[in-house]
Amino acid sequence: MKLRVAGVSVIGSGMADWGQAQRILRGAEAWDSETLNIPAPTILSANERRRVSKLVRLALGAAEAACDSAGLERDTMDCVFTSALGDGTVTQAMMNALRQPGRSVSPTHFHNSVHNAMAGYWSIGSHNHQASTSLAGGQSSFGAALLKAALSLPHSGRPLLLVAADHPLPPPLSETRPTRGAFAVGLVLTPDAEGACGALLDIAGGATGPVSKTGNTNLHELWKTCPAARALPLLEALLDPKPVILEAGTDYFLSIKVTP
């Protein structure tokens, strides 16, 4: 399976954008895990922006930046959104409401609790009516989303937006799944057709582990604890081409060869 990377974005703890992420990945800038600035989603109305959670804002920020990087229209692409942790802030709010007398759950929290909330807000804000997939696969979520994208592209023949985003869970949920930081990555992927631009990914399934780790030791805890950050080795390979192994399911791995 061959595809092209037409656009890249990164937003997360200590990484305001893809430019800063590149400097950190190359070791030219220190990573500050305590800094997190999530941009307001410009595609949403002011009323809708007030309703969305940090996770949705994180995902939409990555989606917007990836599309801008690729220079392609947002409403023309199929979409794959993935999050392993889901929206812990919304889940915690609903659980707290259920503990109270009357057990009244906010309608806003309820409709934001579904796993495809990120894709739904993207569809509304970007007027995108193309095919959309929302999935979760634990630590394998990014690899599973990339596999879905690679299998879909030859059939659609049009660009595809892949977004992986995870935000730390609030306490007490965080005690069950500690996460070092927030992270979101957006990739605009296109078929490997004549005249296509961007790095070439040659993906093969059925590879054997171990999975590739980030080469930046300061980012190891982020890579280890934040599922979306499992994309870091692939992002490093886009800067310095090398073979990458990603998990895409239980005991299922992808081998990726990156060519500039």
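A residue counts as buried when its relative accessible area is under 20%. By that criterion, 6 of the 8 residues of helix α9 (residues 232-239) are buried in this predicted model, so the helix is largely enclosed by the rest of the structure. The buried residues of α9 are L232, P233, L234, L235, E236 and A237.

## Overall architecture

The protein contains 9 helices and 8 strands. Its radius of gyration is 18 Å, close to the 18 Å that the globule rule gives for 260 residues, so the protein is as compact as a globular protein of that length. The C-alpha trace spans about 60 × 40 × 35 Å along its principal axes. Of the 260 residues, 51% count as buried. Among contacts with a separation of 6 or more, 71% are made by residues 24 or more positions apart.

The exposed surface of the protein amounts to about 11,600 Å², and carbon and sulfur atoms supply 51% of that area. There are 21 positive and 21 negative side chains, and the centres of the two sets lie 5 Å apart.

## Cysteines

A disulfide is a covalent bond between the sulfur atoms of two cysteines. A search of the whole structure finds 0 disulfides. For C79, the nearest cysteine sulfur is that of C67, 7.5 Å away, and C79 is in no disulfide. The corresponding distance for C197, again to the sulfur of C67, is 17 Å, and C197 is likewise in no disulfide. As to their surroundings, C79 is buried, with a relative accessible area of 4%, whereas C197 is exposed, with a relative accessible area of 59%.

## Two buried loop residues

M77 is placed in the loop between α3 (54-70) and β2 (78-82). With a relative accessibility of 0%, M77 counts as buried. Residues up to four places away in sequence being left out, M77 touches C67, L72, N128, Q130, P159, L160, L161 and V188. The C-alpha atoms of M77 and K54 are separated by 24 Å, the two residues being 23 residues apart along the chain.

G181 lies in the loop between β4 (160-166) and β5 (183-191). At 2% relative accessibility, G181 also counts as buried. Beyond its neighbours within four places in sequence, G181 is in contact with S13, D166, P168, L222 and C226. G181 and W223 are 42 residues apart along the chain, and their C-alpha atoms are separated by 9.4 Å.

## Backbone geometry

Most residues other than glycine have a negative phi, and most peptide bonds are trans. The peptide bond that joins P171 and P172 is cis, with omega of about 5°. P172 is found in the loop between β4 and β5.

Positive phi values occur at H127, where phi is about 55°, and at D251, where phi is near 60°. Neither residue is a glycine. H127 is situated in the loop between α6 (117-126) and β3 (132-135), while D251 lies in the loop between β7 (244-249) and β8 (252-259).

## Accessibility of selected residues

The residues discussed individually above are tabulated here with their relative accessibility.

| Residue | Relative accessibility | Class |
|---|---|---|
| M77 | 0% | buried |
| C79 | 4% | buried |
| H127 | 57% | exposed |
| G181 | 2% | buried |
| C197 | 59% | exposed |
| D251 | 68% | exposed |

The two residues with positive phi, H127 and D251, thus count as exposed, at 57% and 68% relative accessibility respectively.

Methods: Residues are numbered from 1 along each chain as its sequence is written. This is a predicted model: local features need pLDDT of at least 70, side-chain atom pairs count only at pLDDT 80 or more; totals for chains, interfaces and linings use all residues. Side-chain values use heavy atoms; hydrogens and water are left out. Helices (H or I, at least four residues) and strands (E, at least two) are DSSP runs, numbered from the N terminus. The radius of gyration is taken over C-alpha atoms; the globule rule is 2.2 Å times the number of residues to the power 0.38. Buried means under 20% relative accessible area, exposed over 50%, partly exposed in between (1.4 Å probe, protein chains only). Contact means heavy atoms within 4.5 Å. Accessible areas come from the Shrake-Rupley method with a 1.4 Å probe; for residues, only the protein chains shown count as cover. Lys and Arg count as positive and Asp and Glu as negative; His and the chain ends are not counted. The place of a charge is taken as NZ of Lys, CZ of Arg, CG of Asp or CD of Glu. A disulfide is a pair of cysteine sulfur atoms within 2.5 Å.
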